[in-house]
Every structure is written in structure tokens, then in C-alpha cells.
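The following paragraphs explain a structure step by step. Please keep the sequence and the 3D view open while reading.

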Amino acid sequence: MTTAPTSITLGPIREAPIRRGFMLSALAALFILTLRQNLRGRRLLVLSLLFLLPVVLPGVIKWAPDSPPPEALEFAFVFNLIPHLLAPLTALLYAAGAIQDEVEDQTLTYLLLRPLPRWALYWTRLAAAWLTTSVLTGLFTTLTLVVVYWNTPELWGDVLPRRAAIVVGLMALAQVGYCSLFGIFGLGTRRVLSLFGGLIYIIVFEGLLANFDAVVRRLSVVYYFRVLSLHWLVPSGSTKWPTGDPGSATRMPPWSEIWSIDLTTAFSAERCLTILLAVSALFLLIGAMRMRSQEFRMKTAEGS
Amino acid sequence: MTPIIDFEGVSKWYGNVIGLNKLTVRIPAGVTGLLGPNGAGKSTLLQLATGQLRPSQGRVRVLGQPVWNNAALLRQVGLCPEQDAFWEWMTGFDFVRTCARLTGMGRRAASEAAERALATVGMTEHMGRAIRGYSKGMRQRTKLAQALVHEPRVLFLDEPFTGTDPLGRHEMIEVIRALGAAGRSVLVSSHVLYEVQALTPNIILLHRGRLVAEGHVRQIRDLIDAHPHRIVLVCDNHRALAAKVVAWDDVEGVKVMSSESALLVETRRPDAFYGRLPILATRDGVRIREVYSEDDNLEAVFKYLVNK
């Protein structure tokens, strides 16, 4: 049984000890709250299990006879599976849920009732989503690299920490694009619809169109990830591995050939960065404007 | 006198459905009850007044300021929402402190404010427990605490008595009265006249998004007392409770609703009936889990007012 005094006397109204200025304290609290929410629940568990695929599979493949060299495994898992599928999927689940989850759980009221500008609320939630997705992607990417290059001389020299740091940085950069885009997906539509729309985008743009040697691939985040990878990274070791026939070997074509990207005509690294960040900033602005004008009607028992 | 809450020709549509219909009402300082049956537009009014919704037409002002996208105003406004939603994994203290931190308070100030707010609603003893383990009454109190934690000048309480037991309801009423006595303006929504009557004589009646009446509760009571009042008591030992209740003079009829472990009581003196309930719960050891009034009587009054 709860205990409350039967006769209650409250003091006069006083000014609450709220800091003046830009409410950095409130935004920091919101950021921490969002991180705490992101670090619990089934979503993190499911994503961690998915991210174990590129960690476990290379390990299994390496046990097989005539296994491909680390560069081929790195290309398949670190530069294809993760950026094509797992990274955007992680961003979709966290960024689209930044506002949508609170709407579905009917707890957005507790955020909208605070003296925070809506655009700041939106950006802070997305910033926490970006940090979560970047850490998750970066952690498992590093683990994958360790497994791929395990027992090779490159591991403790070229791969760790330099190559891993660049790849993780590239992933974090890609997540800026994904989070700013998927944040908009989570405004105004139902969770199922935003997830469905996001999956369609991932499959069509990041999965299919990014592979066509056409201008349209510049609409995908993966394209910029690839160009930057080619600018900043080169395969660290041999690109040949033995086949079943003695004396023969399979040659892995250069990454630029597989991706159909000619660095002499492609964007420079600076231009890639500028485009990616500028488009992300545009998406963030669109999202903030949408958030500012959006109504979030909470379901009530009376349904009025 | 300058109204604290000012709605001027406000309409709110949800597609083809109308939530509020050209509502003009000026609510002065003090405690005011907002009454109406389900679907009357009470929650819409409160969500408009707290800037969660934007009026389709008209003007909403609180403390003389427009509400929509006015973050600074929200420092002086608190809302206890109707929906039973929380960040369930938090403790009560953590939840209220987080709400205080989101208002811009520093760590220490937020902790002290959370302790004060939880003490005010009688939740000090349970504030270290996870919210997911709280009873309905505890959850209502915790929601009220988060609305109070930043010491707002204006409080909006949306159906704050839903699901509370008679004792909890009595205590909640005491808290709201004390808030009014301390100078806060409180707008309490309910679909049960007698709950609101215990708080304040000033009421606003809504029906289908329109203002039906506003003024002193006595005028409304005179109308409602012409109809038998039907009250539902949910209780595990409902047959034993029926035996006790049927002996009361002011009870005109008792119907046992076995499938719901509940009694439906008809009375023309609801004041007296409600007054006895806490005593019944404490002295006679009857554990009443929930008390609510069926809408029928209030609905009848609204029909009368709308058609007169």
C-alpha cells in the first residue's frame, strides 16, 4: 500500500532550478536517455546475432582447404556484406525508431512536454542513433577484420590499428548518411511502413542500383563508401589463391574493376565527403522541419 | 481577470472526424474540472493546450502565450497524460528524475526535485522499484509526479483517477486540492462528475467536441440527481461486498456481475455512497480493486443539455 499524507500542504510556487541558455543539460539528458534505450531490448540482440555472421563465417571458411586469401574474405564480408546490408539495416532500425518508437510506445508525450525545441529533440535522438549504430558497426567490423587476418603477418601492423581505424571511420561516415535518411522514414508513418520502405530502399538503392555503372548509383551511400575505400585503402596482401589444380591459381580482380569504378574519373575523396555530408545535412534539415510541424497524436482510452 | 487557458473558436479535425468544434472557453486560475463522456474531446483539448496538437482553426493560448512550438512556455506547464505508458525498465525515481533532467535541471537539482515530487504523491517508499512492477495506482501517482517535478504554474491532468482504488483516489484528490491551494492552476479531466466535484465546484462540460455548459457544479448535480447513478465496484470477494452494500439505505439496487468479479450499484445519493467506500476498504477489510461510474447517467445529462 502506498502511503500519502491525508492532509497535504504544499509550499508556494517557486521558480524551478532550470538552467538558462540553450538547454544543453536537457539535451545531454535526452542523449543519455536515448543511448540507454538503444542499449536494451531485442533489437540490439537481433542485430548482434546478425553481425556475428561476418565474424563467424570467415573463420569457418578459413578452416576449409584451398581457402581464399584474407583479402578476398575481407572484400566479401567487410566491404560487401556489412556496408551493403548490415550497416544500413542497423541504421534503419535505430534512426527510423528515434521518434517512431516513442510514438508506438506512447512515451513521446514525456519528451514533447519538455521545454526543448522539436528540431533539437529530433537531432539529439538521431545523434544517439548514429553513435549506437557506428559503435555497433565499428565493433563488429573490427572483429571481422581480426578473424579474417588471424594468423597472418598483416594483422598486427597493417590491419590493426591503421586499416581497421579507416574502415571503422568509413562505416561511421556511411552511418551519417543512413541515419539522416532513415530518420525521415520514422516521421509520420507507422513503424511497419517505415521499416518496409527502408528495406525497399536498402535492397533497391544500396543493393542493386549501387552496382550499376550509371549515374543513378551516385544516389546510394554505398557508392561513396566504395570510392572513399578505393582512395584511402588498397588490398593489404596477395590477391591470388590456389585452386584445386596444382600449380594454378585464382586471381582476384582489383576492387575498382569489380565495382566498376575508375578512380581517374570518379569523384575525389574530398568531393565524396562534401557530397555525403551536404546531402546528410539536407536530410537532417528536412527531418527537423518535418518534426517541427508534425503532430503526434497519442492513442488514448477514450479515443477522442 | 486574465484567463490562464484561453481557447478562441478552436476546432480540431482528424480527417473527417471532429475532435473539437469551434470551442471558445476561458479558464481562470484555480482548479477546474473538465467533464465529458468518452469521445467528448477532453484529451484533444488537453493535447492542444500542451502544444502536442495544433488547432485546425482558432487560437489556443496558455498564460497569455501561444502554445504550438513554444518550448519556453512548457517550463510552466505540466501534463499527466491519460495513456498508461512509461519507460517501464526505469525505477519510479529514475523516471521522474529523467523528466526533471529533460526540463534542464542539473543532476543534483533534478534528484532533489524528483524526491520532492514523489514524496508529494506518496511514492517515496516505492520509488526505488522498477515501474513495470507498479500497481495501476502507483503508476498514476508516478505520472502525476513527473508532471509536478519542474514545479509548473499550470497543470493538466487527464483522467488521473482511472484505475485507482478508493483510498488511492481519496489521496490523489488531496494532492490535487493541495496543488490548487498552493496557487497552481489545475485542469482535471474526467468522465465522472463526482470525482471532479470532490476537487472543485468549477466545471466545464464537453460533448462531441462542443462546450455544453460551464459554471458551478451544483447546477449540473441537480440535473444528474434526477437519474439513478450507476457505480461499478470490482472486487475479488464481490458477493460478500454485495451483502454489505445492499444494506445501505441509499442503495437502490445491486447487480452481481460474476463474470467480471464486480457489482453494479444503483444509488440516488452518490456522494454518501462514495464517502463510505474508503471506510469499507480500510475497516471491513474488503479489497476493492477498482471503482468506476458507468457513463449512462452523465450521458443522460449531456443528452438533456444538448437537446434542451
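This is a predicted model. A good place to begin is an open sheet in chain B, made of four strands in the order β2-β1-β4-β5 with antiparallel pairing. At its edges are β2 (17-27) and β5 (65-66) of chain B, each of which pairs on one side only. Inside this sheet, strand β1 (residues 5-14) of chain B and strand β4 (residues 57-62) of chain B run antiparallel to one another and are joined over five bridges. To find the register, look at B:Ser11, whose bridge partner in β4(B) is B:Gln57. A helix accompanies these strands: α1 (residues 42-49) of chain B lies across β1, β2 and β4 of chain B and runs at about 115° to β1(B).

A second open sheet of chain B also has four strands with antiparallel pairing, here in the order β12-β13-β11-β14. Its edges are β12 (251-257) and β14 (288-293) of chain B; each has a single partner strand, so one side of each has no neighbour in the sheet. On average, neighbouring strands of this sheet are turned by 20° against each other, with direction ignored. The pairing of β12(B) with strand β13 (residues 262-267) of chain B is antiparallel and extends over six bridges. Within it, B:Lys255 stands opposite B:Leu264 in β13(B).

Now consider the chain as a whole. Chain B contains 10 helices and 14 strands. The domain assignment divides chain B into domain 1 (5-222) and domain 2 (227-307), and the C-alpha centres of these two domains of chain B are 26 Å apart. The C-alpha atoms of chain B fill a box of roughly 55 × 50 × 35 Å along the principal axes. Does the radius of gyration of chain B, 20 Å, agree or disagree with that of a compact globule? It agrees, because a compact globule of 308 residues would have a radius of gyration near 19 Å. Of the 308 residues of chain B, 49% count as buried. Among the contacts in chain B between residues at least 6 apart in sequence, 68% join residues at least 24 apart.

Finally, one residue of chain A can be examined in the same view. A:Glu104 has its place in helix α4 (residues 97-104) of chain A. This residue counts as partly exposed because 15 other C-beta atoms lie within 10 Å, a count between the limits of 12 or fewer for exposed and 20 or more for buried. A:Glu104 and A:Met298 are 194 residues apart in sequence, while their C-alpha atoms are 8.7 Å apart in space.

Terms used: Residues are numbered from 1 along each chain as its sequence is written. Chains are lettered from A and ligands numbered from 1 in the order in which they are written. This is a predicted model: local features need pLDDT of at least 70, side-chain atom pairs count only at pLDDT 80 or more; totals for chains, interfaces and linings use all residues. Two strands pair if DSSP finds at least two bridges between them. Helices (H or I, at least four residues) and strands (E, at least two) are DSSP runs, numbered from the N terminus. Two residues are in contact if their C-beta atoms, placed from the backbone, lie within 7 Å. Axes are lines fitted to C-alpha atoms, for helices over the stretch in contact, and angles run from 0 to 180 degrees between N-to-C directions. The radius of gyration is taken over C-alpha atoms; the globule rule is 2.2 Å times the number of residues to the power 0.38. Domain bounds come from an automatic or database domain assignment.
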